[in-house]
Amino acid sequence: MQTRIPAVMMRGGTSKGLYFLADDLPADIATRDAVLLAAMGSPDIRQIDGVGGADPLTSKVAIMSRSTRPGIDVDYLFAQIVVDQAVVDTKPNCGNMLAGVGPFAIDEGLVAATDGETTVRIFMVNSGSVAEARIRTPGGVVAYAGDARIDGAPGTAAPIPIGFLDTEGSACGSLLPTGNAVDVIDGVPCTLIDNGMPVVVFAAAAVGRTGYESRDALNADDALKARIEAIRLKAGPMMNLGDVAKQVVPKMTLVAPPRAGGSVCTRTFIPHVCHAAIGVLGAVTAATACVLPGSPAAAVARLPEGRRRLVSVEHPTGEFSVDLEMEGTRVVRAALLRTARRLFEGNVLVPRTIWAGRRKLADAAE
């Protein structure tokens with residue numbers, strides 16, 4: 001006896017996960033989280049009993065509903081499903097999964113498409129901030145094919161430009177929750193910053209690394225990971241996040257001088273596994289750290305001048321360009337380019353002992 005739940009599997013940016021309509025999931029949060037864990041197959045390092053991909057980048061969920069907020073089209077709640085723990089974390093945002101929100105909302109009838117291009121205004125429930133995505137819709141239908149290329153995803157697809165508004169302090173209450181551009185934790189100068197994603201930014205050299213190590217080398221570096229985790233656990237309360245032992249934030253980003261023609265080189269832990277690339281809002285926040293005078297990131301970054309600054313954030317599989325609009329030393333708007341693709345649609349099944357489903361769903365499972 002299993003319960004069928006309508007779901008769509010999508011790639012959003014360099015992530016992949018399940019997209020749900022909120023009405024198709026339990027209203028009770030504890031039951032909803034149990035359903036999401038079962039759907040993904042957590043906790044299990046292989047996620048063999050679910051549809052998760054045994055990696056933080058492929059163990060994600062987006063939950064959508066038509067918004068009742070003025071000027072907003074859809075509400076988007078992101079959930080990170082921890083692979084090897086029974087943890088569903090809805091504190092952080094995910095800008096990669098965000099890339100699939102507009103196409104999903106149009107495909108599912110939450111937003112009416114216009115011929116040519118459709119702008120979808122998205123309320124990010126996790127942070128209370130707003131993003132604006134532009135979706136190609138020739139003939140009123142979402143176009144997934146195109147010539148846009150992003151590092152960390154193969155091939156090309158239709159471009160999805162995304163602008164972020166009011167992301168400063170999304171989870172921590174302010175851009176710099178301690179009020180400082182630099183805080184020293186365990187002897188390591190760090191910037192504790194939140195411009196859409198809580199991130200601790202520090203120089204790779206400060207922990208005895210170059211910042212150019214491969215992802216596999218960093219994941220095998222137990223001594224480094226233990227040191228980074230000790231810093232993270234102390235940074236959590238300083239960032240108004242409380243005890244972060246069972247949270248996926250703050251993310252930990254090592255920075256080094258660029259070496260591939262970009263602005264800064266990064267290696268990011270999310271939080272215990274080195275990211276194959278870098279998250280969207282993590283990239284926005286890291287880029288923001290680069291323009292903070294006196295910060296560890298500013299010390300190694302090579303940045304253009306002017307009100308508009310294109311910051312190329314290098315990562316293990318390429319680069320991520322962030323367009324920052326400045327007022328003095330303050331970032332007032334960030335924009336970037338992502339792509340997405342609808343991969344699979346149907347039902348995900350969970351044991352009925354976890355949730356019997358709403359009547360229409362339970363009846364369909366018989």
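1. The largest cavity in this predicted model encloses about 40 Å³ of space. The count of cavities of 30 Å³ or more comes to one.

2. The lining of the largest cavity is formed by Pro 103, Ile 135, Arg 136, Val 142, Ala 143, Tyr 144, Ala 158, Pro 159, Ile 160 and Ala 340. Sorted by class, these lining residues comprise nine nonpolar, no polar and one charged.

3. The largest pocket has a volume of about 510 Å³. Its lining draws on 37 residues, and those that lie nearest the centre are Pro 56, Gln 80, Ile 270, Pro 271 and Val 273. Two or more lining residues come from each of strand S4 (74-81), helix H2 (95-107), strand S12 (251-256) and helix H5 (280-290).

4. As to the character of the lining of the largest pocket, 20 residues are nonpolar, twelve are polar and five are charged.

5. Val 88 belongs to strand S5, which covers residues 88-89. Val 88 counts as buried because its relative accessibility is 16%, and the cut-off for that class is under 20%.

6. Beyond its neighbours within four places in sequence, Val 88 is in contact with Asp 33, Leu 36, Leu 37, Ala 79, Gln 80 and Ile 81. Among these partners, Gln 80 also appears in the group nearest the centre of the largest pocket.

7. Val 88 and Thr 329 stand 241 residues apart in sequence, and their C-alpha atoms are 36 Å apart in space.

Methods. Residues numbered from 1 in each chain as written. Predicted model: local features only at pLDDT ≥ 70, side-chain atom pairs only at ≥ 80, totals over all residues. Heavy atoms only, no water. Helix = DSSP H or I, 4+ residues; strand = E, 2+ residues; numbered from the N terminus. Buried < 20%, exposed > 50% of the residue type's maximum accessible area, 1.4 Å probe, protein only. Contact = heavy atoms within 4.5 Å. 1 Å grid on protein atoms, 1.4 Å probe; cavity = no way out; pocket = protein on both sides within 12 Å on 5 of 7 lines; lining within 4 Å. Points joined across faces, edges and corners; volume = space filled by probe spheres on them. Nonpolar A, V, L, I, M, F, W, Y, C, P; charged D, E, K, R; others polar.
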